[in-house]
Amino acid sequence: MLCSGRILTLPPIPRHPSWRFTPAGRIGRPQPPAILKWRPMAARDADAAASSFSSSVDTAAAGDSAEKNPSGFCIIEGPETVQDFAKMEFQEIQDNIRSRRNKIFLHMEEVRRLRIQQRIKSAEQGILGERQENELPDFPSFIPFLPPLTPSNLKMYYATCFSLIGGIIIFGGLLAPTLELKLGLGGTSYADFIRSMHLPMQLSQVDPIVASFSGGAVGVISALMVVEINNVKQQEQKRCKYCLGTGYLACARCSSTGTLVLTEPVATINGGDQPLSPPRTDRCSNCSGSGKVMCPTCLCTGMAMASEHDPRIDPFD
Amino acid sequence: MSGSIVWVATPKEASRSSGFNQFVGVTRRWWRSSSAGWSCARSASTARRSVSASLVVTPPRSSEELVYDVVLRQAALVGDARRKRAVEAPPAPLRGDLLDAAYERCGEVCAEYAKTFYLGTMLMTPERRRAIWAIYVWCRRTDELVDGPNASHITPTALDRWSNRLEDLFAGRPYDMYDAALSDTVSKFPVDMQPFKDMVEGMRMDLRKSRYKNFDELYLYCYYVAGTVGLMSVPVMGIAPDSKASAESVYGAALALGIANQLTNILRDVGEDSRRGRVYLPQDELAQAGLSDDDVFEGRVTDKWRTFMKGQITRARMFFDEAEKGIYELNSASRWPVLASLLLYRQILDAIEANDYNNFTKRAYVGKAKKLASLPIAYAKAVIVGPSKFAGTL
C-alpha cells in the first residue's frame, strides 16, 4: 500500500467525471512539472507502480470504479484522500455509502459460508484450528468493574445478592445489638417497635447508624439488582425471537444430528443368516453436517434487528 | 358474496387493464398448477390463447371474481383431499420430541408477537392450536422477509427460494424446525398450498407497490396478505358435519373475515403507514371525497376526512357481517375462538370512531375490559347459534 500512498500524495487532477471515485486517478496524464519537482523520488516510484496500477484503474474506471478497485483505497487517510471524497456531491456520497454498506452485508455472508467450508475441510484434514469464542454474547454489566453477565451467571448473581442482603439484615438485626455496636448517634423508635413485637428488648439496642447503614445497603443492592435485571431483559429483547439469539434453527432434514442415514434394502433370501451391517451415514446436505440451518429472520446474527456490523455466528460452536 | 362490495364508479379503462395484466399472471399460474379438482379443465397453452381472446371479447374480470375462483378451487379440493391422503407417501418423520419442541417454539413466537391472537388460540383444542401456531409462524416469517429488519436486502430470488422451501415442506421435506411444524400440520389437516403461494405473491407485490388506485387493487392486496390466512385456516377449524351450507360459502366467509381484518388494520394504521410513505387507501375514493395523498400525509382531521372514513368503516363492517354468517358453519369447537377474534377486531372500528376518526395520531385501542367482555358474548353466540339447517341460507 506504500506505493498507493505515494500516488495519493500527488495533487488531484481537477474534475473529470469518470475519475470521481478513484482517489489515485489517471497517472498517465500530463502533470504540472512544478509538482513533480518537489517529489522526484515519489514520482519515479509512483510512475513505476502507476503503469501497472493505472491499467487496473482504467479497467475499473467505468462506473463502479470504486467498488472494483480496492487497491486504490488506503485505510490510512492522508490530507488528499479526504479531499477526494469531499469532491463528491451529496447524493453521490449517499449512494456510495449505501452501495458499500450493501457490499459489507453480502461479504459477511460469504465469509460465514467460507468459514463453514474451512471448518469442514480442516476437520477432514485433521488440522486443529484455534477455538473461536462464539457462544451467546455476554451482557456487559451496568455497574463498572463487575464481570459481564450471562443468563447462567444470573443465578449466581441472584444468590450473591440475596445472601448479601440476608447477611446485612442478620448483621443489623442480630449481631449489632448483641455486640452492642455503637457507630454513632441515633433515636430510639426501634425500641418501641421491638417492644410492640414482644421480642426481647435486647434487640432494640441496635445503634441507629448501624440500622440505617444496613437499610441503605439493602436498598442499594436491591436497586442495583433491579437495574441488572432490566439490563438482561433489554438485551433479551434485542435477541432474535425465532432462534433465541443462537442465529440457527434445528435442521429438519437430519433432525439436528447432522447425518442422514442411508437406507438400503437388504436381501434376506441368500445369506440371510448374516447379521445386518450398521447403516451407512452421510453428511446431511441441508446443514452441511452442523445440524443447524440459518435463521432467515436474523440471518445468523442472533439479533432481532440485524445490521451489517453484527458478526455472523458460526454453526459449529 | 351478497352485496359485500360498495362499488365506487368504475375507474378508467387504462388502470383496469393494467390491474388485469397482474390478474392474468396470477390466473395463469393457477391453471398451470391446477389439479383434478379444478372445474375449468383448460390446459395452460390453450388458457393463454383463450385469455388473449377474452381480452377482445369479454370485459376484464375484477379481482373479486378472480379471488372467488380461488375460493371455488379450495372448496372443490376439500373432497379430493380425503381421497388423496391415502395415496401420498408419509412425510419424513422428525424425531418425536423435536417436533413437540418445534410446536412449542411456534407458540412462543406467537405469544411474543401477537398476544391477543395467542390468547384466542388458547380457546381452541390443543391440536388446532398447534396447527394455527405453525401457520402463524410461517406467515410471520414470510412477512418479515419483506417487512422486517433485513427487508432492504430482499431480492426476488430470495422470495423464489422461499417459495421453493414452501413446496418442499408440503412434499414432506421441511428445511428447518418451523418448516417441520408446518409440514406436520399440513399432513394432519387438509391444507392446500395455493393460499400460501398467493401470500408470497402478495409480499412481492408489497415490495413494489405503495399506492392503490382503486378498491379493486386494494381488494387483491388484502386477499394476498389476509384473505389467504382465512383460506389456510378453514381446513384446520373444520366445517361442521351437520352444516348444510356449501364449502364455497364457508371459504367465502373466511375470505371475508381476512379482508375485514386487513381493512381494519389499514384504517387503524393510516398515520403510521403514511409516515413510511405508504397509503393503503384507494386513490379514486380519496379523490371522490375531495382528499389527496397530501391530506393523508398532513394528518389533519377535517369534515371531508370524517365523511371518507365513515364510508370506509361501513364497508369494513359489511365484510365482518358476511364473515360472521360463515362462522356458524364451522366445527362446534372452533366457533368460539373465531367469533371472539371477529368481535375483538370489529371493536377496533368502534375505537376509531370514538377517536373522532383521528387515525393519524391516536391509536385505536380496545381496552382489556372490553376484550374480556367479548369472550362470554362470543361463547353465548357460538353455543346458541348453530349451523344453518337449510342449504343456500348464506
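# Exercises on a predicted two-chain model

Leaving aside neighbours within four places in sequence, T297(A) touches C240(A) and Y242(A) in its own chain, and R141(B), E144(B) and N150(B) in the other. The model is predicted, and the exercises below work outward from this residue.

**Exercise 1.** Determine where T297(A) sits along chain A, and decide whether this residue is buried or exposed.

*Solution.* Begin with the position: T297(A) belongs to the segment that follows β4 (292–294) of chain A. Next take the accessibility, for which the cut-off is that a residue under 20% relative accessible area is buried; T297(A) has 10% relative accessibility and therefore counts as buried. Finally, look at a pair that is separated in sequence: T297(A) and C243(A) stand 54 residues apart along the chain, while their C-alpha atoms are 8.6 Å apart in space.

**Exercise 2.** Describe the make-up of chain A, from its elements to its share of buried residues.

*Solution.* Counting the elements gives nine helices and four strands, and reading along the sequence gives the order α-α-α-α-α-α-α-α-α-β-β-β-β. Turning to burial, 32% of the 317 residues in chain A are buried. As a last step, consider the contacts in chain A with a separation of 6 or more, of which 69% are made by residues 24 or more positions apart.

**Exercise 3.** Work out which spans of chain A a UniProt record marks as "transmembrane region", and find how much helix the model has over residues 156–176 of chain A and over residues 209–229 of chain A.

*Solution.* The unreviewed UniProt entry places this feature at residues 156–176 and 209–229 of chain A. Over residues 156–176 of chain A, the model is 100% helix and 0% strand, with the end C-alpha atoms 28 Å apart. Over residues 209–229 of chain A, the model is likewise 100% helix and 0% strand, and here the end C-alpha atoms lie 30 Å apart.

**Exercise 4.** Establish how helix α7 (residues 151–179) of chain A and helix α9 (residues 208–237) of chain A pack against each other.

*Solution.* The axes of these two helices are 9 Å apart, and the packing angle is about 170 degrees. Because of that angle, α7(A) is roughly antiparallel to α9(A). The residues that meet include L154(A), Y157(A), F162(A) and I169(A) from α7(A), and V210(A), F213(A), I221(A) and E228(A) from α9(A). Sorted by class, this contact has 20 nonpolar, two polar and one charged residues.

**Exercise 5.** For chain B, compare the model with the spans that UniProt marks as "transmembrane region".

*Solution.* The unreviewed entry gives residues 218–238 and 250–268 of chain B. Over residues 218–238 of chain B, the model is 95% helix and 0% strand, and the end C-alpha atoms are 29 Å apart. Residues 250–268 of chain B are 100% helix and 0% strand, with 27 Å between the end C-alpha atoms.

**Exercise 6.** Find the angle at which helix α4 (residues 96–113) of chain B crosses helix α8 (residues 177–188) of chain B, and then examine S163(B) in helix α7 (residues 156–170) of chain B.

*Solution.* The axes of α4(B) and α8(B) come within 9 Å and cross at roughly 100 degrees, which means that α4(B) is roughly perpendicular to α8(B). Among the residues that meet are L99(B), Y103(B) and R105(B) in α4(B), together with M177(B), Y178(B) and D184(B) in α8(B); by class, the contact has nine nonpolar, one polar and two charged residues. As for S163(B), a relative accessibility of 10% makes this residue buried, and beyond its neighbours within four places in sequence, S163(B) is in contact with K197(B), V200(B) and R204(B).

**Exercise 7.** State how confident the predictor is in chain A, in chain B and in the complex.

*Solution.* Chain A has a mean pLDDT of 69, with 59% of its residues at 70 or more. Among the elements of chain A, helix α4 (residues 65–68) has the lowest mean pLDDT, 34, and strand β1 (residues 248–250) the highest, 89. Chain B averages a pLDDT of 81, and 80% of its residues score at least 70. Among the elements of chain B, the lowest mean pLDDT, 38, belongs to helix α1 (residues 13–32), and the highest, 94, to helix α15 (residues 303–327). Over residues 1–54 of chain B the pLDDT is below 50, and this stretch has 72 contacts in the model beyond near neighbours in sequence. For the complex, the predictor gives an ipTM of 0.72 and a pTM of 0.65.

Key. Residues are numbered from 1 along each chain as its sequence is written. Chains are lettered from A and ligands numbered from 1 in the order in which they are written. This is a predicted model: local features need pLDDT of at least 70, side-chain atom pairs count only at pLDDT 80 or more; totals for chains, interfaces and linings use all residues. Side-chain values use heavy atoms; hydrogens and water are left out. pLDDT is the predictor's confidence in each residue, from 0 to 100. UniProt positions are given in the numbering used here, feature names are shortened, and annotations may be inferred rather than shown by experiment. Axes are lines fitted to C-alpha atoms, for helices over the stretch in contact, and angles run from 0 to 180 degrees between N-to-C directions. Angles under 35 degrees count as roughly parallel, over 145 as roughly antiparallel, 65 to 115 as roughly perpendicular and the rest as oblique. Contact means heavy atoms within 4.5 Å. Ala, Val, Leu, Ile, Met, Phe, Trp, Tyr, Cys and Pro count as nonpolar, Asp, Glu, Lys and Arg as charged, and the others, Gly among them, as polar. Buried means under 20% relative accessible area, exposed over 50%, partly exposed in between (1.4 Å probe, protein chains only).
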